[in-house]
Amino acid sequence: MTTVDPTPTSLPAALAEPTAPVRRSWIALVFAANLGVWMAFFTPIQVLLPQQIERIAQGDKEAMLAVVTGLGALAAVIANPLAGALSDRTCLRVAGREFGRRHAWTAGGALIGALALALLAQQRTVLGVTLAWVAAQVCFNAMLASLTAAIPDRVPVAQRGGVSGWVGIPQALGLVVGAVLVTAVVTGNAAGYYAIALAVLVLALPFALLTSDDPLPRAHRPVLRLRALLASMWVSPRRHPDFAWAWFTRFLVQTGNALGTLYLLYFLTDGVRVPDPEGALLVLILLYTLGMMLTAVVSGRLSDRSGRRKIFVITSGLIMAVAAVLLAVAPVWPMAVVAALLLGAGYGVYLSVDAALITQVLPRATDRAKDLGVINIANSAPQVLGPALSAPIVVHLGGYPTLYAVTAAVTLLGSALVVRIRSVP
């Protein structure tokens, strides 16, 4: 469970465990804000950046896109926990009025991030694209850090599974909605960036402006020293073993997810041999999203009602592993359809319940956003590690059957090791 430092007086609301259930309006607003930030992450990576880089460096587009997205991922790994740590220490006072420690980062990240997207739309060099995309990643990761911390800040433990399910859905839905927006609603690469920038503002600012955000009294603010801030990024596995196991299991499951999805287009082309690989990939993405939406909220609520987390995480890993095994043993289109639904359903269960579990093993209430930022490294690092592992497996170690068998094994191991977490049932 989340622990706090003992103090001689009662804890302020910003640090206390929440007890009042959040309302549907709060859930709707945080859902919208998360949809905005995930649209801003995925739509450029999947659609806009490849188009832009192809125009700038057509003969070397693959390598240049890898440079741009790789540096963006590196910026994300650094920015998320750092912004979270600064958010934990934020005390704002304007005209004698105190403001909370999260919403300034949500609103600021949305505003400056939207500006970064607008600047990105105007770039005509790889260097300019890289700098603008890194700036956007920093802003949106600062925004994501504050939004993620809103769950342990505002949502009681008994409600976190269901709410985490709603918050998790935009991770898949954002890609679909963003792709439709920039391909079917607006025309042109620059117009696509402007549309996503506007969507971020419209979806995210209402949450920052219309919901409560408890201020952190200055007496409870951690001392801000650079060396101590950097040192705080390390969370000792010996002192906090449950947090360490939560990080490691999340890392393994996300590594399995990266292995299984990275070469999906090539798998459809060379393994399944469908006549229209791009169209088939879109169908699988839609089925994956549908499966995720069907299970995320339901499983989260069931976990809340039962008070149990680990059995749901283990079950989700088993479902995802079965999906990967199907792709390994039967690389045909009907099996790919079934696997996409299963993978989405399993990931929906995992995303909602494991997110709730993680909020219950955070070491300190004063460091919630920073610690969740450290957890986010377990989400981001596999996106860098995945290509390094996938390529030699596909080329030298048995091809796609081996790749999806390894995917199944890593995913199942990551979900099973959650039993090592002791403080959460």
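A residue is called exposed when its relative accessible area is over 50%, buried when that area is under 20%, and partly exposed in between. Keep these cut-offs at hand during the tour, which goes through a predicted model.

Begin by selecting arginine 273, which you will find in the loop between helix 9 (264-272) and helix 10 (277-306). Its relative accessible area is 63%, so arginine 273 counts as exposed. If your viewer shows backbone angles, look at phi of arginine 273, which is near 60 degrees, a positive value in a residue other than glycine.

Next, go to helix 2, which covers residues 61-88, and select leucine 74 within it. Is leucine 74 buried, partly exposed or exposed? With a relative accessible area of 47%, leucine 74 is partly exposed, because this value falls between the two cut-offs. Now add Val67, Leu71, Ile78 and Leu82 to the selection, and you will see that these residues, together with Leu74, make a nonpolar surface patch of about 400 Å².

The last stop is inside the model, where there are two cavities of 30 Å³ or more. The largest cavity holds about 120 Å³ of space, and to find it you can select Arg102, Asp153, Arg154, Asp213 and Asp214, which lie nearest its centre among the 15 residues of the lining. Which helix gives the most to this lining? Helix 4 does, with four residues, while helix 3 (103-120) and helix 4 (126-154) each supply at least two. Colouring the lining of the largest cavity by class will show five nonpolar, four polar and six charged residues.

Methods. Residues are numbered from 1 along each chain as its sequence is written. This is a predicted model: local features need pLDDT of at least 70, side-chain atom pairs count only at pLDDT 80 or more; totals for chains, interfaces and linings use all residues. Side-chain values use heavy atoms; hydrogens and water are left out. Patches are made of residues with over 30% relative accessible area and no salt bridge: like charges are joined within 9 Å, nonpolar side chains (Val, Leu, Ile, Met, Phe, Trp, Tyr) within 5 Å. Accessible areas come from the Shrake-Rupley method with a 1.4 Å probe; for residues, only the protein chains shown count as cover. A salt bridge is a side-chain nitrogen of Lys or Arg within 4 Å of a carboxyl oxygen of Asp or Glu. Buried means under 20% relative accessible area, exposed over 50%, partly exposed in between (1.4 Å probe, protein chains only). On a 1 Å grid over the protein atoms alone, a cavity is a set of points where a 1.4 Å probe fits but cannot get out, and a pocket is an open set with protein on both sides within 12 Å along at least five of seven lines; lining residues have an atom within 4 Å of a point. Grid points are joined across faces, edges and corners, and a volume is the space filled by probe spheres set on the points. Ala, Val, Leu, Ile, Met, Phe, Trp, Tyr, Cys and Pro count as nonpolar, Asp, Glu, Lys and Arg as charged, and the others, Gly among them, as polar.
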